[in-house]
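Biologist: I have a fold open in the viewer and I'd like to learn how to read it. Can you walk me through it, feature by feature?

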Amino acid sequence: MSSLNYFDSIANNWDVIRSEYFEEKLKYKVLSKVEIDNKIATDLGCGTGFISLALAEKANLVFSLDQSNNMLRELKKEVSKKNITNVYPIKSDLENIVLFDESVDAVFINMALHHVVNVDKAISEIYRILKKGGSIVISDVTEHDGQWAKEEMHDEWLGFSNEQINNWLSKYNFKNIEIENTDLYCKGYSSKGEYTETKIFIGSAKKL
């Protein structure tokens with residue numbers, strides 16, 4: 001099973017599954033990093049809309065991108081139910097983002113980067129779609145040794161070090177790089193009962 005097939009298969013239960021991995025308060029820490037009032041924001045690897053629905057309260061437009069049709073379908077249901085008119089779910093992977101050059105003010109990627117095979121390409125794509133003065137916010141897990149996550153959740157990376165994130169952002173000329181190792185944790189059990197708990201970091205930077 002591929003990562004795409006995996007997320008398609010769990011989409012209708014993702015909100016419950018996700019809530020067991022990390023706390024709701026993460027979204028507020030993430031959103032505090034960038035001023036998005038009346039801006040155009042993008043949520044990459046949006047899933048069912050954990051970040052997108054929060055962005056919609058302040059941003060002018062939210063482009064919610066995911067490679068899973070089923071995840072996008074769940075997001076569309078929620079958007080329709082809440083009568084939200086400024087969220088646009090779009091099918092796209094992160095290595096070839098289907099948005100124009102310099103078209104958005106802020107890019108958020110929450111708990112999705114570790115599923116990307118070519119992170120270098122994804123960061124370059126994010127730089128491409130950001131307007132000058134725009135911001136990137138990456139929230140993900142720090143390095144861990146839970147190998148089961150590669151098998152059961154199709155993770156490509158077992159978290160990231162601060163140095164890795166800093167190097168990728170620096171390579172594509174992002175400035176004002178800040179990485180916060182938060183007091184929040186991501187927790188999970190494998191099907192065999194193996195337990196992994198790792199800290200969550202939030203990295204932010206600007207395209208100047």
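Biologist: Let's start with leucine 55. Which residues is leucine 55 in contact with, leaving aside its neighbours within four places in sequence?

Modeller: One thing up front: this is a predicted model. In it, leucine 55 is in contact with Leu31, Ile36, Ala41, Asp43, Val62 and Phe108, once neighbours within four places in sequence are left aside. Leu55 also belongs to the largest nonpolar core, which has 42 residues. Leu26, Val30, Leu55 and Phe108 are the ones with the most contacts inside that core. Helix H5, residues 69-81, supplies the largest share of this core, with four residues. Apart from it lies another core of 29 residues, including Ile97, Ile123, Ile126 and Tyr172.

Biologist: Ile123 and Ile126 sit in helix H6, then. How many of the eleven residues of H6 are buried?

Modeller: Eight of them, so H6 (residues 119-129) is mostly covered, taking buried as under 20% relative accessible area. The buried set is Val119, Asp120, Ala122, Ile123, Ser124, Glu125, Ile126 and Ile129. Those residues pack against strand E1 (40-44), strand E4 (104-110), strand E5 (130-141) and helix H8 (162-171).

Biologist: Now polar residues. Is serine 64 buried or exposed?

Modeller: Serine 64 counts as buried because its relative accessibility is 0%. Serine 64 lies in strand E2, residues 61-66, and its side chain is joined to that of serine 52 by a polar contact of 2.7 Å. Not counting residues up to four places away in sequence, serine 64 touches Asp43, Cys46, Ser52, Leu72, Leu75, Val87, Tyr88, Pro89 and Ile90.

Biologist: And threonine 196, with which side chain does its side chain make a polar contact?

Modeller: With that of tryptophan 148, at 2.8 Å. Threonine 196 is in strand E7 (residues 195-206), and counts as buried at 11% relative accessibility. Trp148 also turns up among the residues in contact with threonine 196, the others being His144, Gly146, Cys186, Lys187 and Gly188, again leaving aside neighbours within four places in sequence.

Biologist: What about salt bridges? How many does a search of the whole structure find?

Modeller: The general idea is that side chains of opposite charge can pair when their charged atoms come close. Here the search finds 13. One of them pairs aspartate 183 with lysine 29 at 3.8 Å, N to O. This pair links distant parts of the chain, 154 residues apart, with aspartate 183 in strand E6 (residues 175-189) and lysine 29 in helix H3 (residues 25-31). Aspartate 183 is exposed, at 55% relative accessible area, while lysine 29 counts as partly exposed at 25%.

Biologist: And within a helix, how should I read a pair like lysine 77 and glutamate 74?

Modeller: An α-helix has 3.6 residues a turn, so residues three or four places apart point the same way. Lysine 77 and glutamate 74 are separated by about one helical turn, because they are three residues apart in helix H5. Their side chains meet in a salt bridge of 3.2 Å, N to O. Glutamate 78 has a salt bridge too, with lysine 82, the closest N and O atoms being 3.4 Å apart. Lysine 82 is partly exposed, with a relative accessible area of 48%. Some salt bridges share partners, and these join Lys29, Lys33, Glu180 and Asp183 into one network.

Biologist: On to empty space. Which residues lie nearest the centre of the largest pocket?

Modeller: Rolling a probe the size of a water molecule over the atoms shows where empty space is left. In the largest pocket that comes to about 760 Å³. Its lining has 43 residues, of which Phe7, Met111, Ala112, His114 and His115 lie nearest the centre. Helix H1 (3-10), helix H2 (14-21), H7, E6 and E7 are the elements that give two or more residues to the lining.

Biologist: Last one, backbone angles. Where is asparagine 38?

Modeller: Asparagine 38 sits in the loop between H3 and E1. Most residues other than glycine have a negative phi, and most peptide bonds are trans. Phi of asparagine 38, however, is positive, near 60 degrees. Asparagine 38 counts as exposed at 66% relative accessibility. Glutamate 102, not a glycine either, has a positive phi of about 45 degrees. Glutamate 102 lies in the loop between strand E3 (87-91) and E4, and is partly exposed at 41%.

How values were computed. Residues numbered from 1 in each chain as written. Predicted model: local features only at pLDDT ≥ 70, side-chain atom pairs only at ≥ 80, totals over all residues. Heavy atoms only, no water. Buried < 20%, exposed > 50% of the residue type's maximum accessible area, 1.4 Å probe, protein only. Polar contact = N/O pair within 3.5 Å; in protein donor to acceptor, adjacent residues only side chain to side chain. Contact = heavy atoms within 4.5 Å. Core = buried A, V, L, I, M, F, W, Y, C linked by side-chain atoms within 4.5 Å. Salt bridge = Lys/Arg side-chain N within 4 Å of Asp/Glu carboxyl O. 1 Å grid on protein atoms, 1.4 Å probe; cavity = no way out; pocket = protein on both sides within 12 Å on 5 of 7 lines; lining within 4 Å. Points joined across faces, edges and corners; volume = space filled by probe spheres on them.
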